[in-house]
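You asked for a quick read-through before you start on this one. Here are my notes, point by point.

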Amino acid sequence: MEILMKNLSRDDAHKVLTGAVVPRPIALVSTKSPENVHNLAPFSYFTAVSSSPAMILVSVADRNGQKKDTLRNIERHPEFVVNVVTEDMAVPVNNAAADYRPDISEFDEVGLTPVPAKTVDCMAVLESPVRLECRLHQIIPLASNHLVIGEVQLVYVQDDLYIPDYKINVEALRPLARICGPYYAKLGEFMTCKRTFDPGKVIS
Ligand SMILES: Cc1cc2nc3c(=O)[nH]c(=O)nc-3n(C[C@H](O)[C@H](O)[C@H](O)COP(=O)(O)O)c2cc1C
């Protein structure tokens, strides 16, 4: 099967892409509206894009030609938190993706606990053991999406997951991965891999 992407509807293209690019990490993004409503929504078009300065990217699609609450909030209050999602957060995180009205806080609806972030004026999610506090760096419109690039100001790591120096115990973290449709995944068995190469062929 060869699927020519430009002939597909947006929904069908989404199915192909989210089946091909797997597994994806999930950013549970918390934002604040000008009316002080604390918004939560999950995004799996998410990755780290720069280490120094530390930057992450979240791609927010339009919904029926309109901007989602997360994007509209960040445009007006350019601070947010990316809360890393663990296996036991699957149900509330999945529920946080419902199209709640902007005056409704998903924190209340899905039963996650708001806790003030340290460096940005926004709530983080208490249940998330790793939280990236971000200031907006840039918003780049891209087709029917907006790429939101945030500069990470502070990373909160739950004490029992922190390994000196600056490592996170990923096995104990148990991050939840996004597949597509109703599917999520847990990380499987860890493996290590040694790199073998001809020393004469690499940059010294
Ligand atoms: C696990 C998961 C990942 C998602 N990833 C994205 C994504 O990367 N981009 C996007 O626009 N919507 C994504 N969605 C859908 C949004 O979460 C959903 O549209 C949500 O209602 C947006 O909320 P908001 O209007 O409060 O910003 C995802 C949903 C789920 C359940």
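1. A word on naming before anything else: helices and strands here are DSSP runs, with at least four residues for a helix and at least two for a strand, and they are numbered from the N terminus. With that in hand, you can place N64 in the loop between β5 and α2. Keep in mind throughout that this is a predicted model.

2. Start with the seven-stranded sheet. It is open, its strands run in the order β3-β2-β6-β9-β10-β5-β4, and the pairing is antiparallel. The edges are taken by β3 (38-43) and β4 (46-50); each has a single partner strand, so one side of each is left without a neighbour in the sheet. Going from one strand to the next, the twist averages 35°. As background, strands of a sheet pair through backbone hydrogen bonds, either parallel or antiparallel.

3. Next, look at β9 (residues 130-142) and β10 (residues 145-157). These two run antiparallel and are joined by 12 bridges. If you want one pair to find on screen, try C134, which stands opposite V152 in β10.

4. β2 (residues 27-32) deserves a closer look. How many of its six residues are buried? Six of the six, so to speak of β2 as mostly covered is fair. A27, V29 and T31 point one way from the strand, while L28, S30 and K32 point the other way, and all are buried.

5. β2 also has a partner on either hand. It pairs with β3 in the antiparallel sense over six bridges, and four bridges join it to β6 (residues 79-84), again antiparallel. A27 shows both pairings: its bridge partner in β3 is F43, and in β6 it is V84.

6. Where does the largest nonpolar core draw its residues from? It has 33 residues, and those with the most contacts inside it are L28, V29, V81 and C134. The elements giving two or more residues are β2, β3, β5, α2, β6, β8 (123-125), β9 and β10. Of these, β6 gives the most, with four residues.

7. V81 is a good residue to click on in that core. Leaving out residues up to four places away in sequence, it touches S30, A117, V120, C122, A124, R131, L132, E133 and C134.

8. Now for helix α2 (residues 69-76). D69, T70, L71, N73 and I74 are buried there. The buried residues of α2 pack against β2, β3, β5 (55-61), β6, β9 and β10.

9. The ligand comes next. Of the 18 residues around it, A41, Y45, D69, T70 and A97 come nearest. β3, β5 and α2 each supply at least two residues of the shell, and the largest share, four residues, comes from β3. By class, the shell has eight nonpolar, five polar and five charged residues.

10. There is also a three-stranded open sheet, in the order β1-β13-β14, with antiparallel pairing. β1 (24-25) and β14 (184-186) are its edge strands, each pairing on one side only. β13 (residues 176-178) and β14 pair over three bridges, and R178 stands opposite Y184 in β14.

11. Some backbone details to check. Most residues other than glycine have a negative phi, and most peptide bonds are trans. Against that background, the peptide bond from V22 to P23 is cis, with omega near -10°; P23 sits in the loop between α1 (10-20) and β1. The bond from P164 to D165 is cis too, with omega near -15°, and D165 is found in the loop between β11 (162-163) and β12 (167-168).

12. Two asparagines have positive phi values. For N36 phi is near 65°, and this residue belongs to the β2-β3 hairpin, which has five residues between the strands. N64 has phi near 50°. Are they buried or exposed? N36 counts as exposed because it has 8 C-beta neighbours inside 10 Å, and N64 is exposed, with 5 other C-beta atoms within 10 Å; the cut-off for exposed is 12 or fewer.

13. Last, V91 in helix α3 (residues 90-95). With 10 C-beta neighbours inside 10 Å, V91 counts as exposed. V91 and V110 are 19 residues apart in sequence, and their C-alpha atoms are 8.3 Å apart in space.

Definitions and conventions: Residues are numbered from 1 along each chain as its sequence is written. This is a predicted model: local features need pLDDT of at least 70, side-chain atom pairs count only at pLDDT 80 or more; totals for chains, interfaces and linings use all residues. Two strands pair if DSSP finds at least two bridges between them. Axes are lines fitted to C-alpha atoms, for helices over the stretch in contact, and angles run from 0 to 180 degrees between N-to-C directions. A residue is buried if 20 or more other C-beta atoms lie within 10 Å of its own, exposed if 12 or fewer, and partly exposed in between; C-beta atoms are placed from the backbone. Two residues are in contact if their C-beta atoms, placed from the backbone, lie within 7 Å. A residue is near a molecule or strand if its C-beta atom, placed from the backbone, lies within 6 Å of it. Ala, Val, Leu, Ile, Met, Phe, Trp, Tyr, Cys and Pro count as nonpolar, Asp, Glu, Lys and Arg as charged, and the others, Gly among them, as polar. A nonpolar core is a set of buried Ala, Val, Leu, Ile, Met, Phe, Trp, Tyr and Cys residues joined through C-beta atoms within 7 Å.
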